[in-house]
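Student: I have a new model open and don't know my way around it. Can we go through it together?
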Amino acid sequence: MDIDVKMLLFTLLTFFSPSILAQFDDSDLEDDNLSDLTDFDLDLAPRRVPRQVKAMLTKESKPHIQELSIKTTIISRYAFTAVSCTLLNRHSAAAEGVFQFQIPAAAYISNFTMIIGGRIYASDVRPKEKKVKQEKGGEAKPPNKGDGGQGSEAEMELFRMAAIIPGRNLAVFLLTYEELLQRRLGQYEHVTSLRPLQLVSRLSVDITVVEHSSITYLEVLPLRNGKASGAAAKGASANAKTQGNTGNPTPPVTTAIKQNKNVCKITFNPNIVQQAQITTSGILGDFVVRYDVEREMGIGDIQVLNGHFVHYFAPKDLPAVPKNVVFVIDTSASMVGTKMRQTKEALFTILRDLRPGDHFNFVSFSNRIKVWKPKSLVPVTPLNVRDAKKFIYMLTPTGGTDINGAMQTGSSLLSDYLSTSEGGQNSVSLIIFLTDGRPTVGVLESPLILGNTRAAVRESSCVFTIGLGNDLDFRLLERMALENCGMSRRIHEDADASAMLKGFYDEIGTPLLSDIRINYPEDSVQYVTQHLFSNYFNGSEIVIAGKLTNQSAGSLHVQVTASSSDKSIILETDVPLRQREVETERHVKTAAEVGVKAGAAGLTDSVGSLAKDFVERVWGFLSVKEGLRERLRSHTSAEREGHTQQATNLSVAYHFLTPLTSLVVEKPQVLPDGTMAGPDPTPTPGPIPDTDKASSANELSEDSEVDTPQSLHRNENQSGQKTSGVAKTTGQVQKKPVKKSITLSRTSADGDPHFVVEFPLSKLAVCFNINGEPGHILRLVSDHRHSGVTVNGALIGAPAPAGSHKQQRTYFSTITIVVKQPSHAYIEITPKKVILDGRDRMILPCDTTVSVESGGLAVAIMGKANVTVTIGGTISFVILVHQYKNPAPYQRDHLGFYISQSKGLSPSCHGLLGQFLFEDVSLAELPVNGTSPGDKVSTVLKVKGRSVPVVQKTRRIYSGTQSVDCWFARNNAAKLVDGEYENYVVSHLFDTGDWPHGDNRA
């Protein structure tokens, strides 16, 4: 590894509430030596530092950020960002240093390295361990790059890594990430998050933009905090650009811009005093650069480099295509208040922007569905617009959420209109669907809703979905949009929903082309990314990349076909490949030279090897995104597995941290004397020893070596930020005594799996086996309608031991717990990690001891032993973690599920275990043959009016540490459990559907 890796990228993000701005003047400056500031290596004289800043620095107990350097090179919209963060531990004792940085949700991390105590700790990207079931249907998780969908504006993710820094020593954290900037509303936007949580001795941001076409527009915004201001600023910028207004917003202090025709260099270097004048909290905000380039007439801009090509297509000066649009608006009770008010404000504004050639209608839905004009779409006239405003004004939130019924109604309206003579051929049909929740009325299962939507839409229109707030099934909205040629957008709870709704509509409100097809000769290219598009909207851009099969070919024939408002369009030309490659090489070289002139030689060395292959990396980036999208909308397991494997291979090949890969980094070891442990004297081939694995996109497991749990209290983070790893450790940390033992009932499912049910009133225990199939997900506890709790378990397979009567073994590889009360939360537990997805998202490794409390929900992990989930103080589940150091062929890391407390569950609870919690049973003896006194008798269990033959057995539980005498029911628990085995197999890990035969009464 090159030592110049120090100039790679590090991203630091956080989400604390901004402090009140502090103001300083010359009267605050002191000449007296208040304290020695030499350690801080400031870039100005100590006498010029105000006493308040001196006091803050000298009182710092945690390691100080001596330098934070962020360097970005953007080559033809593709951005390479390198962050370097140097932490200084001024004290003699070792201390924990935390590096965290916010990166755009659409970006992929491509490298992470630490340099601590003179040792380099490099990272590696590896495929994730395969799960039995990865589809999460109804799960409400924050939108993420994992699915390749469109996230909400300026959405960010938190990258976090903690490490022990020896006393009087430095630690350098280096991170790089890459992203393809998307064109929205006629401009590209690059966001750099500056939230180090403390004043930084030397802070620098350097951004270089090198474009093949001329840069026609560029602005640097004031530092931005929050989404609402971002949405408003973007709209204002777009308007100013359109109107030729040169009055750009004032850039942050010290910002310098140097620009010529194709190149722009932007720097921002506030010293520690200037940072304090902005804020003393260390949360400066987002440094935002926006720009656009000259558009070529014809087929667009094609760039060629090293056997790959990228094609940018964004035609201009086209008339708008008339649109047929149905707005489907959620008016359920949860929309009451600000959500409904802001939605109405946005709809009033959107109505004013409809064009005379458009046709429209409105559908409102709760548990009832209302249509403004029941029979068809209506043209845009002053009278219809006025009546529509009245309809919107009268919308009142009430009732549940019938998503399926609303989509069926909206689709039927459009289909019926398109089948009439008024439904013009040269038009674009859109359904804009807005909700803030999950389906609670009508069809509740996500797969059924998606299938019904596909059948109703029949590829005649595109569905655009908008999710308001945090308590919704955004995965369902993503899939609904992806499967019907649309986009999805999430607007978080505290965002300016009115501005963002209007901004989203502006992106899709002006279609210029439909049915776009971009063709290249089949014998000239291969592995081309998506080249068929339903619509092209004004202000956006289509980007395609691929490989050239013959690099020595002189030209590449390109043909573009599409439909505009009044005609079909065919554009074609022969692109001179050698000429384009020379031009592309030239502006890659220019980017490197600008970096060197700006003093960024380290950056040039470290990312230069990536930048010189930027066209190939654009292809890799787009191919991974496309694979993840196809994976999300695949309908069969074989199809999904194919897309998963393809996207995983590409992610590993290009070293991208995606939802299908993990970032593995060696954990630094600190000796008792505070020094760093040396390297192993004889390194061995194979996996890096003693590693932590990141378990989701852009996250690293925390390096935790404490003996007592940390209490991770949720902080109100900035809207739209996703947190990765143990991001919430930035909150208050409380030490709690470790419970060396836990109290369990015997009601459990553990091992192969072996089920045990304890009946305290009858003083009996009953046991049974379930011979399930690998990949099946079993309902263990089902009480969603009453207590709001559901527990599911996914099975993984293993070969049976030699001589066993079984053909295979099955174990629980994943346990999921869905909680509806007091607030929605989703908990996914595997032998490696616990994912808590509620108002915030936390990922906790199972090899650490930690506890998390949020509202009425508590999760406590005893490292490498068990996980306890407590809900409302009246329901407790304990999940035992079984891990093998050297597993036999028939062994798998797995979980055991125990019900510790069931007081809060209702008598209507069901599931393989839940159905017995409130039952009483008894034993009886029946003669086997006739009724003679000498006949043999068999023991039967009387349960729910049924007689179940049983035999006595002894079963070991709690990892074999205890035994329980139980009555065993054979034949896969036939007659013991309600219904059949198939009734307990659910569609996905977070399925909360009711027991198909009502409650647990016979």
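Student: What does the chain expose, and what do carbon and sulfur atoms supply?
Tutor: The chain exposes about 39300 Å², and carbon and sulfur atoms supply 50% of that area. Accessible areas come from the Shrake-Rupley method with a 1.4 Å probe, and for residues only the protein chains shown count as cover.
Student: Where do these values come from?
Tutor: This is a predicted model, where local features need pLDDT of at least 70, side-chain atom pairs count only at pLDDT 80 or more, and totals for chains, interfaces and linings use all residues. Residues are numbered from 1 along each chain as its sequence is written, and side-chain values use heavy atoms, with hydrogens and water left out.
Student: How many of the residues count as buried?
Tutor: Of the 1002 residues, 58% are buried, where buried means under 20% relative accessible area, exposed over 50%, and partly exposed in between (1.4 Å probe, protein chains only).
Student: And how many helices and strands?
Tutor: There are 13 helices and 52 strands. Both are DSSP runs, numbered from the N terminus: helices are H or I with at least four residues, strands are E with at least two.
Student: Pick a sheet. What order are its strands in?
Tutor: One open sheet has 4 strands in the order 8-9-14-11, with antiparallel pairing. Two strands pair if DSSP finds at least two bridges between them.
Student: Which strands stand at the edges?
Tutor: Strand 8 (183-184) and strand 11 (215-220) do; each has a single partner strand, so one side of each has no neighbour in the sheet.
Student: How many bridges join strand 11 to strand 14?
Tutor: 5 bridges join them, and strand 14 covers residues 285-293. V220 stands opposite V289 in strand 14.
Student: New topic: how many aromatic pairs?
Tutor: The count is 29. Rings of Phe, Tyr and Trp (its six-membered ring) pair if their centres lie within 6.5 Å; planes under 30 degrees apart are stacked, over 60 edge-to-face, and the rest tilted. One of the pairs is F464 with F504, edge-to-face at 6.5 Å centre to centre and 65° between the planes.
Student: What does that pair tie together?
Tutor: F464 lies in strand 22 (residues 462-468) and F504 in helix 9 (residues 497-508), so the pair ties together parts 40 residues apart in sequence.
Student: Is F464 buried or exposed?
Tutor: F464 is buried, with a relative accessible area of 1%. F504 is buried too, at 2%.
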